[in-house]
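User: Could you please take a close look at one part of this protein and explain, step by step, how its pieces are arranged? I am a first-year student and would appreciate a connected account.

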Amino acid sequence: MKHRFFCAFTMALMLAAAPAAHAAEGLYTVPICEMTLAAASYDSESVYNAMIALQDKYPTGMTWTNDNYYAWNGGIYGGGYGCTGFAFMLSDAAFGTLPAKKSETFDAASVRVGDIVRYSSHSVIVLEVKANSVIVAEGNINSMIYWGREISFDEIRGSFESIITRYPQGNSHEHFGDPNCDDRTDAADAAIILQAAAEVGANGTSGMTEEQEGYMDVDLDEDFDAADAALVLIYAAYNGSGGTMSAHEYLTTLN
């Protein structure tokens, strides 16, 4: 009954929401996402340990101002002064020469240890992620280094600017609900989910990559079906009405 309802609901929403242009473009064409699989060694514990190893050398209370500069290995920027330089230094300690990726969308559910958050013109690096907050390390706060301040997600959202991560790509958060990997979660993705589910029923395989199958399971029940397609369309309507949460953050609140 649940799946029949979702299927009918999904198709109704698709007919209303899918742009006519998609038909000409080939709505069911699924490009394969380009990605590099994550290295197993980059887990939260190892990233945390690499950063915290610098605490004795750079303790709380040590002077650190905008006169301090650090040349960064993450790309995007050549380096940074003050709070940014301190965050870059800890980031390099954890990730070496891995390239960074910057986003201007804040998704609390996707924040990870080692991510660099910029808000209120100040950069911090995440040491621990809690239910509604993060514990950070930072430089140039009152012209000093400080380890262990807790910042709520609400405070970050209020003046959020960007977040930088250096974890190798391939996690399901980046394209959550976006199996065609076009950085939009919309009716085209819902149609792809329905097609993939039909392919599994008819042929035993979706024809998608394992990563894409993960992106389609937005209700996190280890399957993809009409219920997932319906949730994608609910998010598309939310986003189209001016919603600011990412697909991952918004949809996981509905599960």
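Analyst: Two residues are said to be in contact when heavy atoms of theirs lie within 4.5 Å. With that term in hand, please note that the model is predicted.

The part chosen here is the sheet, together with the helices that lie across it. The sheet is open and has six strands, in the order E3-E8-E4-E5-E6-E7, with antiparallel pairing. Its edge strands are E3, residues 101-103, and E7, residues 144-152, each of which pairs on one side only. From one strand to the next, the twist averages 30°. In general, the strands of a sheet pair through backbone hydrogen bonds, and the pairing may be parallel or antiparallel.

Consider next the pair formed by E6 and E7. Strand E6 covers residues 133-141 and pairs with E7 in the antiparallel sense over seven bridges. In this pair, Ile141 stands opposite Met144 of E7. The loop between E6 and E7 contains Asn142, and Ser143 has its place in that loop as well. Asn142 has a positive phi of about 55° although it is not a glycine. For Ser143, also a residue other than glycine, phi is positive too, near 65°. Is Asn142 buried or exposed? Asn142 counts as exposed because its relative accessibility is 66%, and the cut-off for exposed is over 50%. Ser143 has a relative accessible area of 37% and is therefore partly exposed.

Two helices lie across strands of the sheet. Helix H3, residues 44-52, lies across E5 (122-129) and E7, and runs at about 125° to E5. Helix H4, residues 82-95, lies across E4 (116-119), E5, E6 and E7, and its direction makes an angle of about 120° with E6. Strand E7 thus appears in several of these descriptions: as an edge strand, as the partner of E6, and among the strands crossed by H3 and by H4.

A helical region may be described for comparison. Helix H9 spans residues 247-254, and Ala247, His248, Glu249, Tyr250 and Leu251 in it are buried. The buried residues of H9 pack against helix H5 (153-158) and helix H8 (226-240). Asp217 lies in the loop between H7 (210-216) and H8. Asp217 is buried because its relative accessible area is 11%, and buried means under 20%. Leaving aside residues up to four places away in sequence, Asp217 touches Phe176, Glu222, Asp223, Phe224 and Asp228.

Note on methods
Residues numbered from 1 in each chain as written. Predicted model: local features only at pLDDT ≥ 70, side-chain atom pairs only at ≥ 80, totals over all residues. Heavy atoms only, no water. Buried < 20%, exposed > 50% of the residue type's maximum accessible area, 1.4 Å probe, protein only. Helix = DSSP H or I, 4+ residues; strand = E, 2+ residues; numbered from the N terminus. Pairing = 2+ DSSP bridges. Axes fitted to C-alpha atoms, helices over the stretch in contact; angles between N-to-C directions.
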